[in-house]
Structure formats: structure tokens, C-alpha cells
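Q: I would like to learn how to read the features of a model step by step. Could we take a few of them in turn, with the general idea before the case?

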Amino acid sequence: MVSVLKRGLAIITLLIIGYWLAQGLAGVPFGQDKMLVGRYYLEHVIEQTGSINAVTAVVVNYRGFDTLGEVTVLFIASTGVGALLWERKKRRTAKTEGSIVLTTGTRLLVPFVMLFGAYIFIHGHLTPGGGFPGGATIATAFLLLYMAFTMYEIPHKAFEKTEGIVGMAYVIVGLIGLAIGGYFLYDWIWQTWGLGRDNVGRLFSGGFIPIIYTIIGLKVGTELSGIIDNMLKEGVKE
Amino acid sequence: MIHISAFYFGSIALVLIGLYAVLVKKNILKMLIGLSIMETGVNLLLVSIGYISGRSAPILSEGITPDKAVDPIPQALVLTAIVIGVATTAMALSAVIVLYRRYGTLNVEEIRRLRG
Amino acid sequence: MNCVTCINYIIIGVMIISAILAVEWRDLLAAAVGMAAVSLFASILFLILQAPDVAMTEAAIGAALSGAIFIFAIKRTQRFETEEEERPGWWVRW
């Protein structure tokens, strides 16, 4: 009786909230031109940044500091998962080995999945994608290796060193921009050195966007693999 | 009756379904599923506000001038929001694993009764 | 029968039905798969709304990795939602 009353009250509250949201959104017409700042970014993106993908130019170049904050949040989450699930000795508890289809398919496919992930983050300024789906694809390749073999572990020392070096490299790129140009994350390749100005639309252009997306892709890939590794192992009681 | 587009209706429905799961259900993992569905609904709402009908994706290759591209700014916001959503979900799930090891149950009323 | 916008309505309808089922199922493994299905249909809708970067990110992160870590959390806790009996009066709870 009490739970039916509580459930009914919850549904009535949700319907009132839904009606209020819908009435607020009725004043926003769907599909009409309401760009203000977006029009400035679209008109000046090729001459100011050198990339033809406007979304990745906004994420890395015009709003690069927010991307640094996002990389920090992901780092804190990965450290938090490692700290909450810490045991003195850990091992994997999978009991059944994958079938012959899974192991053979994994051995054939893992290099291609990693190559595809690297392609996504290297061509971030030309095709849709960027650093974050590229890193997630690399983490999916490691997840496939975890699913197929019962005794596979990622090499911990190499991954932790890579993650630390790559995270420091992002801040160093920003500090070099501060030294050359005057503000943090100044695009010193496109605006001071002028490399690749005649190459817009090809691979060697776009300022420092490919460099930062390589850094972000490696960082996200190793961090998500670390999260998967921490959640799969259980502690051994001595 | 107010007239809204189908995309707005779909995203409001997702937010309401996720909020129902957080309010009514008693299992912690079911509440986290509701939270994740709410985040997907909000991202869908943000991208559908920036859509302009008749235009194409904001990648300025041959033939796409700034008159023929949709708004790139909501897409940049949502790109960040998706990654932060999965980071907070991972952290909440590891907290649930520690909670299960300590109390032995996933029911929030049992945990509140056993606390201490 | 020639409507191009019918596919929008169909995908939004299947997404809402999948979300309702993901919240209502008692088997938590099925609920995790339902959550991954909601992410997948949202990724298709992002592509219809001319946002290919967001569609790729949502498909890689929301559908694959978020569903996978949910299943790992279910592996280390319990799989089925239990039936709770009614407490004797809601005011003696604490």
C-alpha cells in the first residue's frame, strides 16, 4: 500500500516536470538558424587554425583549456578506481578459456583495431573523430584481449610510464606556447612558424591539433585499459 | 496542446525514465542505470538544439561553405560531456563494489538499516 | 508509402521502449544490455542530426565501454534484483 502511494506520487511529479520542460522547449524552434558565435567560428576556422573540421578546432584550439580540464577529470577517475579497488595481491578469476573462434579472431584482429584507432586520432583535423574515440577504440582492442585469454594482463609498468609522460607532454606543449606567444596553449606551429599553410586539407597542416590529439588518444587509451584491468581482478586472500 | 519536435520529446522522455529509476527503485545498480540513461538524454537534447534543417555536417571540405553547416558549438560541448559521463559512472561502480564487499547486499534500505 | 521522416519516429520509439525495458527488467545483465542499446540508438540519432564526431564518440564510449564496465560490476556483486518484503511501517525505518 505504501509503495503504491510512493510510486504514484513519483509518477505525478515526473509528469509535472515533463510538462514544464516541454513548455520551456516550445519556445525554441527546431531547425531554425540561431547561430551567433558559431558563425564566427565557421567563417574564421581555416585562416586561424588550419583545420577543416570545425568541431575539433573548437575543442582543441579555441577552447583548449576546457579539454585540459577534461583530461584531468579522466585522470582523477582512473586514479580513484585504482585507489578504491586496491588489494595487496590481485589476480584474474576467469575460469573458462574463450572458444577457438574467439581466440583466432582476436589474434588476427587486434593489430587492425589498434591501427584503426591510431588512424582516427592522427586524422582528427580532417575527418570526424579526434582523440577521444580513437583512445576508446584502442581500449576496446585491449578489452578484446582480456575477453579471449584467461591469463592475459596488460604490461603495467609500460602503461603507467606512458600515461605519466603523455600527461606531462600536454602541459609542456601549453607552456611552450606561453613562452613563444604570450598565452597558455598558443598555437605556435600555425601562427609563429607558419608550417603547413599551403597544405590545408591534407595531413601536414592544422597547427598543433594532430600533436595534441595524439597525446589525448594515447592518454585516454591507456587510462581506460587501466580502469578495465582494475575492475576485472580480485584480491587473493593469503 | 503544445507542439514540440520529436527529438525534444524523445530526450525529455529519456530524462524522465532515468529520473523514475533513480526515485523509485531500491537496487543501487538500477539507480546507476537510470543515471546513465539521463545523461544520454541530456546529450541528445543539446545536439538537437544546434540542428539547422537542410544543412550538412560542420566539416568544411569542398563545396561546404559556412552557409551550409550546422552549429559546431553544441557538438563540442557534448563531446566533452560524454567522456566525463563514463568517468563518473566508472567511479560510482567501483564504490558500489566496495559497498557490496562491506555490507553483503545491494538494497539501499538494508544498507541504511545496517549502517554502523 | 513514401516518407523519409518516418525513420526518425521509428528510431525514437524503439529507443524509448528500450529505455523502459532497461529500467523494468529484474535480471541486471539484461538491463545493462538495454542501456547499451539506448546508447546505440542515440548514436544513430546523432548521425541523423548531422553530428558525426559525437556519433563516433557515443558509439565507442557509451555503447562499448560503459556497458562493459557495468557487466564487470555485476560480475563482482549479484546478478538478480531481489524481492524485498515490506517493512513494518515506514516511520520505524530509522
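Q: Which pattern does chain B follow when it is read along the sequence?
A: In this predicted model, chain B follows the pattern α-α-α-α along the sequence, with 4 helices and 0 strands in its count.

Q: What radius of gyration does chain B have, set against a compact globule of 116 residues?
A: The idea is to compare the chain with a reference globule of equal length. Such a globule would have a radius of gyration near 13 Å, whereas chain B has 20 Å; along its principal axes, the C-alpha trace of chain B spans about 65 × 40 × 15 Å. Of the 116 residues in chain B, 49% are buried, and among contacts in chain B with a separation of 6 or more, 51% join residues 24 or more positions apart.

Q: How many of the residues of α2(B) are buried?
A: A residue counts as buried if 20 or more other C-beta atoms lie within 10 Å of its own. In α2(B) this holds for 18 of the 22 residues, so the helix is largely enclosed by the rest of the structure. Helix α2 of chain B, residues 28-49, reaches 32 Å from its first C-alpha to its last, close to the 32 Å expected at 1.5 Å a residue.

Q: Is C:A19 buried or exposed?
A: The same cut-off applies to a single position: C:A19 is buried, because 30 other C-beta atoms lie within 10 Å. C:A19 has its place in helix α1 of chain C, residues 6-24, and, leaving aside residues up to four places away in sequence, touches B:L14, B:I17, B:I37 and C:V38.

Q: At what angle do helix α6 and helix α9 of chain A pack?
A: For a helix pair one reads the angle, the distance between axes and the handedness. Helix α6 (residues 131-148) and helix α9 (residues 209-232) of chain A pack at an angle of about 35 degrees with their axes 7 Å apart, and their crossing is right-handed. The residues of this contact divide into 13 nonpolar, 6 polar and 1 charged; among them are A:G131, A:F132 and A:G134 in α6(A), and A:Y213, A:I216 and A:G217 in α9(A).

Q: How many residues does the contact take from chain A and from chain B?
A: An interface can be read by counting each side, then by its elements and its chemistry. This contact takes 43 residues from chain A and 39 residues from chain B. On the side of chain A that touches chain B, α1, α2, α3, α4 and α9 of chain A each supply at least two residues, and the residues of that side divide into 29 nonpolar, 7 polar and 7 charged.

Key: Residues numbered from 1 in each chain as written. Chains lettered and ligands numbered in written order. Predicted model: local features only at pLDDT ≥ 70, side-chain atom pairs only at ≥ 80, totals over all residues. Axes fitted to C-alpha atoms, helices over the stretch in contact; angles between N-to-C directions. Left-handed = near helix turned anticlockwise from the far one by under 90°. Contact = placed C-beta atoms within 7 Å. Nonpolar A, V, L, I, M, F, W, Y, C, P; charged D, E, K, R; others polar. Rg over C-alpha atoms; globule rule 2.2 N^0.38 Å. Buried ≥ 20, exposed ≤ 12 C-beta atoms within 10 Å, placed from the backbone. Expected span 1.5 Å × (residues − 1).
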